[in-house]
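This report introduces a structure to a reader who has not met it before. The sequence and the model are shown first, and a description follows.

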Amino acid sequence: MRKPLVYVLVVVVFLGALGLGGWTAYRYLVKRYTPQACTVKTSADATTRLSAEQAHNASIIVAIAVERDLPERAAVVALATAYQESALRNIDHGDRDSVGLFQQRPSQGWGTETQIMDPWYSAGKFYDGLVKVKGWESMSVTEAAQAVQISAYPDAYAKHETNATALAKALMGAEHETLWCINFESNPTVNTDAFNEVLTALGSVTISEVRDSRMTITARDKTSLWAAANHVVANSYSAGATEVTVEDRRWRAPDQGWSSAPEKAGNLTATVTFG
C-alpha cells in the first residue's frame, strides 16, 4: 500500500524546516511513494485515489458507455462492478477461471481468456448483459450489477457507488475539475495511442496532430469537451501528456487539481501539452 499523501506532506514540512528544501523533498517523496496517482472528488470535502492502471481502465469503461449511447447510470453500474470484482485492475486470476476487470469466466460463456483480458471486450460484454436486464435503469446499482454478475455476494457492489458515480460524472463531462493526476516523470514519452481509441469512442471530438509537443481537441459541446479532457488526464501517464487547458482552466502533471490558465483555450477546444 502507498503511504497516504498526508504523511508525505508532514515529512516535507519537517524537511523544509531543516533547510533541506521543501519542494525538492516533496517531489522526491511523492515520486517515491505515489509516482502515478489520480484523484477524483467524490464530494465537496472528500476524494478517492486511483492508480494509473485504475484510471486507464475506468476511462475505457466509460468510453464504451458513451460509444453505445448508454446513460450515466450504465457507466456507474459498470464501474461499481469492476471496483468490486477487480479493484479496476485487469488481473489474470480469480475465483476458479475468473479473469479480467469483471472477473468473467470463460467456462460460463463470457469468451476466451484472451478476449476477457482485453478491457474493451470485457466491458462491452458487461454492457451486453446489463441492457438485457429488464428494468435495470430503475434498479439500485447493486441490484443491476448482481443481475449481470450473479455473485455470491449480491450486496457487495453498493459500497462502490459513490466512487463509481464520481468517476462516471468526470469522464462523461458532467463534472468539471474533479479529476486530476500527479506525475513527476521528467521526460515522458509521447504516445497519443494511449487515448486515441478512447477519444474516438466518445464520438463527439476531433483531435489534431501533435506539433511542437502540442495537440488540440475540438468538441461539439462543453460536456463533450470536458469529457475528452478528463479522459486525456486519466491516460496522461502512458500518453506522456503533462498539461491540459480547457477554457481558462489548466491541469498540469506536477500539480494537485486545476488552476487558472495563463493562456485561455479557444471556444470548445482544449489544448494538450506533452513532455
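In this predicted model, Thr273 has a relative accessible area of 18%. Because the limit for a buried residue is under 20%, Thr273 counts as buried. The residue belongs to strand 9, which covers residues 269–274. Leaving aside residues up to four places away in sequence, Thr273 is in contact with Ser213, Arg214, Gly240, Ala241, Thr242 and Glu243.

The chain around this residue may be described next. The chain consists of 275 residues, of which 49% are classed as buried. Its secondary structure comprises 11 helices and nine strands. When contacts between residues at least 6 apart in sequence are considered, 61% of them link residues at least 24 apart. The exposed area of the chain is about 13,100 Å², and 50% of that area is supplied by carbon and sulfur atoms.

A covalent link also deserves attention. In general terms, a disulfide is a covalent bond that connects the sulfur atoms of two cysteines. How many disulfides does the count give? The count comes to one disulfide. The partners are Cys38 and Cys181, with an S to S distance of 2.1 Å. Cys38 is part of strand 1 (residues 37–43) and Cys181 is part of strand 3 (residues 179–182), so the bond ties together parts that are 143 residues apart in sequence. The torsion about the S-S bond of Cys38 and Cys181 is about 95 degrees, and the disulfide is therefore right-handed. Both Cys38 and Cys181 are buried.

The final topic is empty space. A probe the size of a water molecule, rolled over the atoms, reveals where such space remains. In this model the largest pocket has a volume of about 440 Å³. It is lined by 17 residues, and those closest to its centre are Ser98, Gln103, Gln149, Ile150 and Ser151. Two or more lining residues come from each of helix 4 (72–86) and helix 7 (141–149). The table below divides the lining of the largest pocket by residue class.

| Class of lining residue | Number in the largest pocket |
|---|---|
| Nonpolar | six residues |
| Polar | seven residues |
| Charged | four residues |

To recapitulate, Thr273 is a buried residue of strand 9, one disulfide joins Cys38 to Cys181, and the largest pocket draws two or more lining residues from helix 4 and from helix 7.

Technical notes:
Residues numbered from 1 in each chain as written. Predicted model: local features only at pLDDT ≥ 70, side-chain atom pairs only at ≥ 80, totals over all residues. Heavy atoms only, no water. Disulfide = S-S within 2.5 Å. Helix = DSSP H or I, 4+ residues; strand = E, 2+ residues; numbered from the N terminus. Buried < 20%, exposed > 50% of the residue type's maximum accessible area, 1.4 Å probe, protein only. Contact = heavy atoms within 4.5 Å. 1 Å grid on protein atoms, 1.4 Å probe; cavity = no way out; pocket = protein on both sides within 12 Å on 5 of 7 lines; lining within 4 Å. Points joined across faces, edges and corners; volume = space filled by probe spheres on them. Nonpolar A, V, L, I, M, F, W, Y, C, P; charged D, E, K, R; others polar. Areas by Shrake-Rupley, 256 points an atom, 1.4 Å probe, with all protein chains shown as cover.
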